[in-house]
Amino acid sequence: MLALYELPGGYALFKAVEGGGFKLLAQKMFADSNEAVEACQSLQDSKLHSSLKKFLKKNVVDKSLQESLAVQDAKLAGLIKTKLDIQCVFDTQVEDLMRTIREQILELIEGVTAKSMHQMSLGLAHSLSRHKMKFSADKIDVMVIQAIGLLDDLDKELNTYVMRVKEWYGWHFPELTKVVSDNVTYARLVLLM
């Protein structure tokens, strides 16, 4: 059985060997972060990115490998089956297989350290977030409109509370309303008395 594993920095193709181990058949690292973001976005949108298509065509189809390919996503498995005619497998056994690969990934792939893997993951996460959160003038307008509405609501509530304080305290000291016109000063004086 073959296994396709998506890394933050590229793709890797493994072959399951006797005894539960894996052998790296091929790997493709992305040229830059833009390619990584495009490939990741394609995977999230359940599309087959051109770099993945070329990778699988070169390493599976052209080499006439007849084994089934374990894939982490059912939709991706369907796309690979229809576009490249590669028999794909996705089930609970594949999830266990991918978990095992993930635990051993640093030993299986040459030239990748834990630090570089972390940097690739962090860089891809930041780039993907920036890609998804494109600047939109409409979003800023909505926030400004909501802030103005919130200020109006607060002003209305404050006026309601001040009117209640003047009404209630007016029973004890009715002349205070004529002496003090500022609402904040009036409320402070009521607290002191």
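## A salt bridge between distant parts of the chain

In this predicted model, Lys-15 and Glu-67 bring their side chains together in a salt bridge, with an N to O distance of 2.3 Å. The two partners belong to distant parts of the chain, since Lys-15 sits in strand β2 whereas Glu-67 lies in the loop between α2 and β4 (69-70), and 52 residues separate them. Lys-15 is partly exposed, at a relative accessible area of 26%, and Glu-67 is likewise partly exposed, at 27%.

## Other salt bridges

The count of salt bridges comes to 4, and side chains of opposite charge can pair in this way when their charged atoms come close. One of the pairs is formed by Lys-28 and Glu-35, whose closest N and O atoms are 3.0 Å apart. Lys-28 counts as partly exposed because its relative accessibility is 22%, above the 20% under which a residue is called buried; Glu-35, with a relative accessible area of 17%, is buried.

Another pair joins Asp-85 to Lys-81, with 3.5 Å between the closest N and O atoms. Here Asp-85 is exposed, having a relative accessible area of 60%, while Lys-81, at 34% relative accessibility, counts as partly exposed.

## The surroundings of Ser-51

Ser-51 belongs to helix α2 and counts as buried, because its relative accessibility is 7%. Its side chain makes a polar contact of 3.3 Å with the side chain of Tyr-11. When neighbours within four places in sequence are left aside, Ser-51 is in contact with Tyr-11, Lys-28, Phe-30, Glu-35 and Ala-39, a list that includes both Lys-28 and Glu-35, the partners of a salt bridge described above.

## The nonpolar cores

The largest nonpolar core holds 25 residues, of which Leu-4, Leu-52, Phe-55, Leu-56, Leu-69 and Ile-80 touch the most other members. At least two residues of this core come from each of the strands β1 (2-7) and β2 (10-17) and from each of the helices α1 (33-44), α2 (50-61), α3 (74-84) and α5 (114-132). Apart from this core lies another, made up of 16 residues, among them Met-98, Ile-105, Ile-109 and Val-112.

Leu-52, named among the core residues that touch the most other members, is in contact with Leu-4, Tyr-11, Leu-43 and Leu-76 once its neighbours within four places in sequence are set aside. Tyr-11 therefore appears in the contacts of Leu-52 as well as in those of Ser-51, where contact means heavy atoms within 4.5 Å.

Note on methods. Residues are numbered from 1 along each chain as its sequence is written. This is a predicted model: local features need pLDDT of at least 70, side-chain atom pairs count only at pLDDT 80 or more; totals for chains, interfaces and linings use all residues. Side-chain values use heavy atoms; hydrogens and water are left out. A nonpolar core is a set of buried Ala, Val, Leu, Ile, Met, Phe, Trp, Tyr and Cys residues joined through side-chain atoms within 4.5 Å. Buried means under 20% relative accessible area, exposed over 50%, partly exposed in between (1.4 Å probe, protein chains only). Helices (H or I, at least four residues) and strands (E, at least two) are DSSP runs, numbered from the N terminus. A polar contact is a pair of N or O atoms within 3.5 Å; within protein, one must be able to donate a hydrogen and the other to accept it, and residues adjacent in sequence count only if both atoms are side-chain atoms.
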